[in-house]
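User: Please take a close look at the nonpolar core of this protein and at what surrounds it. I would like one connected account.

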Amino acid sequence: MSKIVIAKAHTNIALVKYWGKKDPKLMLPQNGSISLTLDHFYTETSVQFSTHASEDQITFNDTQLSPVKAQRIVKFLDLIRAKSGQSARAIVKTRNHVPTSAGLASSASGFAALAAAGSRAAGLKLSLTDLSRLARRGSGSATRSIFGGFVEWHAGEDDLSSYAEPLQDPVDWDIQMIAVVLKATKKPISSTAGMQRVVATSPYYPAWVQTANRDLIAMRQAIADRDLTAVGTLAETNAMRMHALNLSAQPAFNYFTAETLTTINAVQDLRAQGINCYYTLDAGPNVKIICASKDTKAITTALQRHFRADQLIIAQPGPGISITEA
Ligand code: 2P0
């Protein structure tokens, strides 16, 4: 039996998005991305390698995953075994700390926590950079969840050069996100398949890569300047361009619901009234509102005309991974 290692990783929300791979096997993205790690949503995962186990046992929120559902995790554990020389099967227990049915459960915090706990339990002592590279092989957005605060994932050219690093941590100015948790509908298409379709079929894809690369330069500056207006404006435009790719794919798809559009309109109305707030959206209906904490009350009051108070979750910048050995 190996020692039991427990890792905790927080989710992150991209301000300049990753939406397309140039190498699906190595999980190299078409463009770099910048995110903010959040305190409110995290995954805790323990891993132990056991010669007594005949196959990997994966428990998610107290329920054992079926072999089909566990496939992606087993493949990732195989990668850890290949890197470490550990040949035993693993007992993995993972718990997502997100509000029930929030639809914010993310492969970002999941694979970041698994990379950290799994590699350490297998006997590897990876640097944070190498952990970020390993997490990338599980899920692209997990590359960034190794670090806290504002984080940039460098697209890179190969396995060695594609990793994340912190841009600003801790975050020493007033910026937060309000997650608007909307009614979950069946996801029209997974992130992995959606971005693949967009790369293959959207005539706008080359323009996306060009503008995303420009957004990275501007976003680095906006974060260094601690300029909420610039961060928010860039993030909102970048998010809508990402969703425009989905609308321009063949066949087209989108992740919006009617409530998503209601929220977008509410944010635009608030801004017209002088409240400095911006929205961003990922591969699902939920909207995240970027704002300063002094405006929380005005924003949540306005949104409660449409949604219940418990659908509005206020999240602050959060930390990078932590690892403990039991
Ligand atoms: C991001 N998203 O930058 C983008 C923006 C959603 C929208 O990364 O195929 O679960 O596992 O690498 O990371 C969600 O996709 O996809 C994502 P894979 P992932 O956060």
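Analyst: A nonpolar core here means a set of buried Ala, Val, Leu, Ile, Met, Phe, Trp, Tyr and Cys residues joined through C-beta atoms within 7 Å. Buried means that 20 or more other C-beta atoms lie within 10 Å of a residue's own. The model is predicted. In soluble globular proteins, nonpolar side chains tend to be buried together.

The largest nonpolar core has 83 residues, and among these A112 and I289 touch the most other members. Helix 2 (residues 107–121) gives this core its largest share, nine residues. The core lies between domain 1 (5–170 + 318–325) and domain 2 (176–315), because both domains give residues to it.

Start with A112. Not counting residues up to four places away in sequence, A112 touches A9, A135, A142, S145, I146 and I321. One of these contacts, A135, is among the buried residues of helix 3. Helix 3 (residues 128–138) is mostly covered, with eight of its eleven residues buried. The buried residues are L131, S132, R133, L134, A135, R136, R137 and G138. They pack against helix 1 (67–84), helix 2 and strand 9.

I289 can be followed to L312. The C-alpha atoms of L312 and I289 are 9.9 Å apart in space, with their positions 23 residues apart in sequence. L312 belongs to strand 13 (residues 312–315). L312 counts as partly exposed, because it has 17 C-beta neighbours inside 10 Å and buried status requires 20 or more. Leaving aside neighbours within four places in sequence, L312 is in contact with I178, V180, T300, L303 and F307.

Around this region there is also a record to consider. An unreviewed UniProt entry places the feature "domain: Mvd1 C-terminal" at residues 178–310. Over residues 178–310 the chain is 56% helix and 9% strand, and the C-alpha atoms at the two ends are 11 Å apart.

Next comes the contact between the two domains. The chain is divided into domain 1 (5–170 + 318–325) and domain 2 (176–315). Taken over C-alpha atoms, the centres of domain 1 and domain 2 are separated by 23 Å. Domain 1 puts 23 residues into the contact, and domain 2 puts in 29 residues. On the side of domain 1 that touches domain 2, strand 1 (5–16), strand 4 (33–50) and strand 9 (164–168) each supply at least two residues. Strand 4 gives the largest share of that side, five residues. By class, that side of domain 1 has twelve nonpolar, eight polar and three charged residues.

The ligand also draws on both domains. Its shell takes at least three residues from each of domain 1 and domain 2. In total, 14 residues surround the ligand, and the closest are A14, S139, G140, S141 and S191. The shell has five nonpolar, seven polar and two charged residues.

Some backbone details complete the picture. Most residues other than glycine have a negative phi, and most peptide bonds are trans. The bond joining D169 and P170 is a cis peptide bond, with omega about 0°. P170 lies in the loop between strand 9 and strand 10 (176–180). Another cis peptide bond runs from Q250 to P251, where omega is near -5°. P251 sits in the loop between helix 6 (228–247) and helix 7 (258–272).

For phi, M27 and D62 are the residues to look at. M27 has a positive phi of about 60° although it is not a glycine, and it is found in the loop between strand 2 (21–23) and strand 3 (28–29). M27 counts as buried because it has 21 C-beta neighbours inside 10 Å. D62 is not a glycine either, and its phi is positive at about 75°. D62 is found in the loop between strand 5 (57–60) and strand 6 (63–64). D62 is exposed, because 8 other C-beta atoms lie within 10 Å and 12 or fewer count as exposed.

Conventions: Residues numbered from 1 in each chain as written. Predicted model: local features only at pLDDT ≥ 70, side-chain atom pairs only at ≥ 80, totals over all residues. Near = placed C-beta within 6 Å. Nonpolar A, V, L, I, M, F, W, Y, C, P; charged D, E, K, R; others polar. Domains from an automatic or database assignment. Helix = DSSP H or I, 4+ residues; strand = E, 2+ residues; numbered from the N terminus. Contact = placed C-beta atoms within 7 Å. UniProt positions renumbered as here; feature names shortened; annotations may be inferred.
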